[in-house]
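Reader: I am in my first year of study and should be grateful for a close look at a single part of this structure. Please explain one helix carefully, and then place it in the setting of the chains around it.

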Amino acid sequence: MRAGKGLKWVTLLRRVADTQDTDAFAALFEHFAPRVKAFLIKSGADHAMAEECAQDVMVTVWRKAGQFDASRASVATWIFTIARNRRIDMLRRDRRPEPEDLNWGPEEEPDQLDILSLQQESDQLVAAIAELPEKQRVMIERAYFGELSHSEIADETGLPLGTIKSRIRLALERLRHSLS
Amino acid sequence: MITHHLSDKLLMAYSTGTLPEAFNLAVATHIAMCDECRARLASFDAVGGAVLEEVSEPSVTMRADALSATLARVKAQPPVQRKVAVPPKDDVIPAPLRDYLGADGEIRWRSLGGGAKQMVLETSEHATARLLFIPAGTAVPDHTHGGLELTLVLQGAFADEHDRFGRGDVEIADEETHHQPVAEMGEDCICLAVTDAPLKFRGLIPRLAQPFLGI
């Protein structure tokens with residue numbers, strides 16, 4: 001399996017978690033912080049607020065690096081969820097309770113092959129979304145920038161999510177098994 | 001086994017963070033019980049990751065001192081250590097919902113008459129969430145829906161003309177839905193019901209009762 005972009009970020013984030021490697025963190029920061037800032041601006045923040053919140057998001061990335069599970073999400077996806085939650089606070093949107101995290105304990109690790117395939121699927125999803133017809137891609141972006149309400153979201157998203165969902169489902173089953 | 005799941009629409013809206021609090025609560029509570037929807041949600045989060053990866057604004061850069069300022073902050077806050085993993089408990093009230101009960105975790109039921117009870121949960125005014133207690137074998141009053149309504153079964157089961165809903169199942173109803181769910185015999189039914197509009201009851205007596213429902 002070829003090592004794609006996704007896997008590179010996984011390796012860097014693991015170095016942050018395991019050895020508090022500031023060079024690895026700097027590489028993640030350089031790539032993701034401006035994207036988080038742009039994401040927050042697109043979501044309605046002004047530049048100063050977006051800068052401050054993007055830094056907050058990167059602080060959370062450092063602190064929670066050890067809880068990242070590469071068999072269930074890409075680093076971009078994980079950072080998206082942190083940025084989304086920060087945006088909800090920032091714009092004083094409705095509270096968003098979450099199901100409790102299912103975490104691997106310190107003794108256990110996700111399966112290496114699960115990580116490889118999930119990261120590869122995530123890379124392919126980025127490519128697939130980039131290739132969607134313009135109109136559909138814009139609707140997806142608007143939804144994730146928080147511009148669409150539930151009733152404005154299409155019943156059929158037309159997103160190719162079957163394979164990545166199955167991968168995550170499998171990884172969840174292994175995690176559940178390790179917990180029992 | 002859970003057979004009635006959340007819609008793609010609801011999962012995507014939850015992923016994008018735009019649902020009213022009451023709906024967020026219902027989605028989170030279902031996912032706490034349903035790994036299939038947990039995986040589906042993760043796939044919608046992956047779409048968010050893809051959007052973040054592709055959000056290109058060459059004009060947007062971080063301030064020159066941003067990295068050093070962030071590193072200074074993280075030096076003061078060491079990484080969180082991985083906790084001992086504990087399998088979540090399979091309680092009647094899953095974790096996301098527990099925060100909405102009193103500090104003692106007790107459900108403060110108020111009688112609706114005929115053995116039925118409810119507890120209205122405190123959420124934002126954009127939608128209403130309440131726990132419903134329907135005695136085994138009892139019908140929920142026939143009603144139509146002005147907006148979107150989710151009913152998530154936490155204990156027991158109910159059935160209407162079309163389907164059966166057991167623990168973890170979620171019924172999604174809208175303006176088109178007219179139904180008369182009945183709680184199954186054997187076990188009292190407890191549901192989390194959320195709606196973005198007041199319920200409209202169709203019979204005379206339930207209509208009189210509506211003000212007491214507090215919704």
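Author: The model is predicted, and its chain A is a convenient place to begin. Chain A has seven helices and zero strands, so that its pattern, read along the sequence, is α-α-α-α-α-α-α. Chain B, by comparison, has six helices and twelve strands. The part chosen for the close look is one of the helices of chain B, namely α4, which spans residues 66-76.

Which residues of α4(B) are buried? They are B:A66, B:T70, B:L71 and B:V74. Because these four cover an arc of only 125° around the axis, they lie on the same side of α4(B). The other side of α4(B) has exposed residues, B:A72, B:K75 and B:A76. What covers the buried residues includes two helices of chain A: α2, residues 22-42, and α3, residues 47-64. The cover of this helix of chain B thus includes parts of chain A.

It is useful to know the chain that supplies this cover. A compact globule of 180 residues would have a radius of gyration near 16 Å, and chain A has 17 Å, which agrees. Taken along the principal axes, the C-alpha atoms of chain A fill a box of roughly 40 × 35 × 35 Å. Of the 180 residues in chain A, 53% are buried. Among contacts in chain A with a separation of 6 or more, 70% are between residues 24 or more positions apart. The exposed surface of chain A is about 8400 Å², and carbon and sulfur atoms supply 47% of it. Chain A also carries 26 positive and 29 negative side chains, and the centres of these two sets lie 3 Å apart.

Two loop residues of chain A deserve attention for their backbone. As a general rule, most residues other than glycine have a negative phi. A:Q20, in the loop between α1 (5-19) and α2 of chain A, has a positive phi, near 50°. The relative accessible area of A:Q20 is 34%, which means that this residue is partly exposed. A:R92 likewise has a phi near 50°, a positive value in a residue other than glycine. A:R92 is placed in the loop between α4 (75-90) and α5 (112-130) of chain A. Its relative accessibility is 75%, so A:R92 counts as exposed.

The account now returns to chain B, the chain that holds the chosen helix. Of its 215 residues, 54% count as buried. In chain B, 68% of the contacts between residues at least 6 apart in sequence join residues at least 24 apart. Chain B exposes about 9700 Å², of which carbon and sulfur atoms supply 54%.

One residue of a strand shows such a link in detail. B:Q155 lies in strand β5 of chain B, residues 149-155. B:Q155 counts as buried because its relative accessibility is 19%, and the cut-off for buried is under 20%. Leaving aside neighbours within four places in sequence, B:Q155 is in contact with B:V92, B:E187, B:D188, B:C189 and B:I190. One of these partners, B:D188, is 33 residues away along the chain, yet the C-alpha atoms of B:Q155 and B:D188 are separated by 7.2 Å.

To return to the helix itself: the buried residues of α4(B) lie on the same side, the cover over them includes α2 and α3 of chain A, and B:A72, B:K75 and B:A76 are exposed on the other side.

Definitions and conventions
Residues numbered from 1 in each chain as written. Chains lettered and ligands numbered in written order. Predicted model: local features only at pLDDT ≥ 70, side-chain atom pairs only at ≥ 80, totals over all residues. Heavy atoms only, no water. Buried < 20%, exposed > 50% of the residue type's maximum accessible area, 1.4 Å probe, protein only. Arc of directions from axis to C-beta. Contact = heavy atoms within 4.5 Å. Rg over C-alpha atoms; globule rule 2.2 N^0.38 Å. Areas by Shrake-Rupley, 256 points an atom, 1.4 Å probe, with all protein chains shown as cover. Lys, Arg positive; Asp, Glu negative; His and termini not counted. Charge placed at Lys NZ, Arg CZ, Asp CG, Glu CD.
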